[in-house]
Amino acid sequence: MSLIYRIKASQPSITHGIYDYLGEMRPFAKRVKKLHLVIPMLLLKTIEWSIYRWYKTPIRRFYGVKGNELIYMITNACNDRCPKCGIWERPEPQSQHLMVSHFIKCLNKLHHNLYQVTLTGGEPLIFKKDVMLIAEEAKKLNVPMVIVTNGRFLDEAFLDKYKKLGHILVISVDSVEREKWNEFRGRKNFDIVMPKIMLAKKILGDRLRIQSVLSKESSEEIPKVIEFCKQHNIQHNTQYNQDFGGSWTNLHKEVVNYDTETPCAARKNICIYPNGDVVKCFDHRRIPLAKEPLGNIAKQDIIEILCTKRSTEVSKIMKTCNLPCKNMSCNKPQTLLFN
């Protein structure tokens, strides 16, 4: 589906309107298998096109209403040294860190299209004040938010504020045994973080989630984490190990099975790096056309970035993309992730 809009919705042009209409209808007609249904389906598609072309912001035709996720890797920096991850080894210079106002502007531009905004890292709570500003703005815009954290910087004041906003907190836990915990975190902080997990459970209730990474190294520990979550009535999700520059290895040598029929959700995701660069997924370098960022929200409007020709082409490629990263949480709705 075309994302190339040569005019704004508020500046209609007959020529450009025709160009846009044909760009939608030609590929759609080719997908209708039965000839006798082509005309009826084109009529229905025309009605849909008209509504979104003249009544809604054009970009919604691709990204939909509440149809995609905005993922902000707010920082590469982290206070843990987990061997599963190498992101912490490359913290961004302070001079290259995005001002929170740029992200909030981006959120305001896209909120009609978002079913969720997710903050990750590194460790997002290193920038706790910025995180809270984003959480408050997301609440105003009625966009659910998720923070993925190691839990080290949690405290009662933050959790009380976060509870009032009604968002979800996900804590990364790969073991509930002290020795293994400290090994997996690269820090001896088991006795610091575990009480904070229990505090988060007490304050947030069912808004708390726990997520684990399954690898050869953690395979014997994950069942213990699952049992811990059952005992404390905390929803849990297991994610397969992915290559983020760490030393952990996949549990199976063979390719893990995943849904090859459903298009990769990342084609409709909007991912922001700590410096404001925009990509469709954080594994974009695996795709030659997507190696370079689509733009930067500190320098360009996010709508303009998403409506470029290259953004369109990257989305088309990713529609049939079946790389192992398709197993990641960003390809599954929250309702299906945790149990």
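This short presentation describes the fold, two helix pairs and several individual residues of one protein chain.

Good morning. The model is a predicted one, in which local features need pLDDT of at least 70 and side-chain atom pairs count only at pLDDT 80 or more, while totals for chains, interfaces and linings use all residues. Residues are numbered from 1 along each chain as its sequence is written, and side-chain values use heavy atoms, with hydrogens and water left out.

I begin with the chain as a whole. Its secondary structure comes to 12 helices and 9 strands; helices (H or I, at least four residues) and strands (E, at least two) are DSSP runs, numbered from the N terminus. Of the 339 residues in the chain, 50% are buried. Here buried means under 20% relative accessible area, exposed means over 50%, and partly exposed lies in between, with a 1.4 Å probe and protein chains only. The chain exposes about 17400 Å², and carbon and sulfur atoms supply 56% of that area; the areas come from the Shrake-Rupley method with a 1.4 Å probe. Among contacts between residues at least 6 apart in sequence, 72% join residues at least 24 apart, where contact means heavy atoms within 4.5 Å.

I turn now to helix packing. Two packed helices are described by the angle between their axes and the distance between the axes. The axes are lines fitted to C-alpha atoms, for helices over the stretch in contact, and angles run from 0 to 180 degrees between N-to-C directions.

The first pair on my list is helix 4, residues 100–110, and helix 5, residues 128–140. Their axes come within 10 Å and cross at roughly 20°. That angle makes helix 4 roughly parallel to helix 5; angles under 35 degrees count as roughly parallel, over 145 as roughly antiparallel, 65 to 115 as roughly perpendicular and the rest as oblique. The crossing of helix 4 and helix 5 is right-handed, that is, the near helix is turned clockwise from the far one by less than a right angle, whereas an anticlockwise turn would be left-handed. Which residues of helix 4 and helix 5 make the contact? Helix 4 contributes Val100, Phe103, Ile104, Leu107 and Asn108, and helix 5 contributes Asp130, Leu133, Ile134, Glu137 and Ala138. By class, these residues divide into 7 nonpolar, 1 polar and 2 charged. For this purpose Ala, Val, Leu, Ile, Met, Phe, Trp, Tyr, Cys and Pro count as nonpolar, Asp, Glu, Lys and Arg as charged, and the others, Gly among them, as polar.

The next pair is helix 6, residues 156–165, and helix 8, residues 190–204. The axes of helix 6 and helix 8 come within 10 Å and cross at roughly 30°, and the two helices are therefore roughly parallel to each other. Their crossing is right-handed. From helix 6, the contact involves Glu156, Leu159, Asp160, Tyr162 and Lys163; from helix 8, it involves Leu199, Ala200, Ile203 and Leu204. This contact has 6 nonpolar, no polar and 3 charged residues.

Next come three buried residues. Tyr72 is in strand 1, residues 68–73. Is Tyr72 buried or exposed? It is buried, with a relative accessible area of 1%. Beyond its neighbours within four places in sequence, Tyr72 is in contact with ten residues' worth of partners, including Phe103, Ile134, Ile272, Tyr273 and Pro274. Phe103 belongs to the helix 4 side of the contact described earlier, and Ile134 to the helix 5 side. Tyr72 and Val278 are 206 residues apart in sequence, yet 9.5 Å apart in space, C-alpha to C-alpha.

Phe127 is placed in the loop between strand 2, residues 114–120, and helix 5. Phe127 is buried, at a relative accessible area of 17%. Outside the four places on either side in sequence, Phe127 is in contact with Ile74, Thr75, Glu92, Gln94 and His97. Phe127 and Ala77 are 50 residues apart in sequence and 9.9 Å apart in space, C-alpha to C-alpha.

Ser215 lies in the loop between strand 5, residues 208–214, and helix 9, residues 222–231. Ser215 is buried, at 0% relative accessibility, and is in contact with Asn241, Trp248, Thr249 and Leu251, leaving aside neighbours within four places in sequence.

I close with the backbone. The peptide bond from Gly121 to Gly122 is cis, with omega near 25°, and Gly122 is in the loop between strand 2 and helix 5. Asn142, in the loop between helix 5 and strand 3, has a positive phi near 60° without being a glycine; it is exposed, at 61% relative accessibility. Asn233, in the loop between helix 9 and strand 6, has a positive phi of about 55° and is not a glycine; Asn233 is exposed, at 62% relative accessible area.
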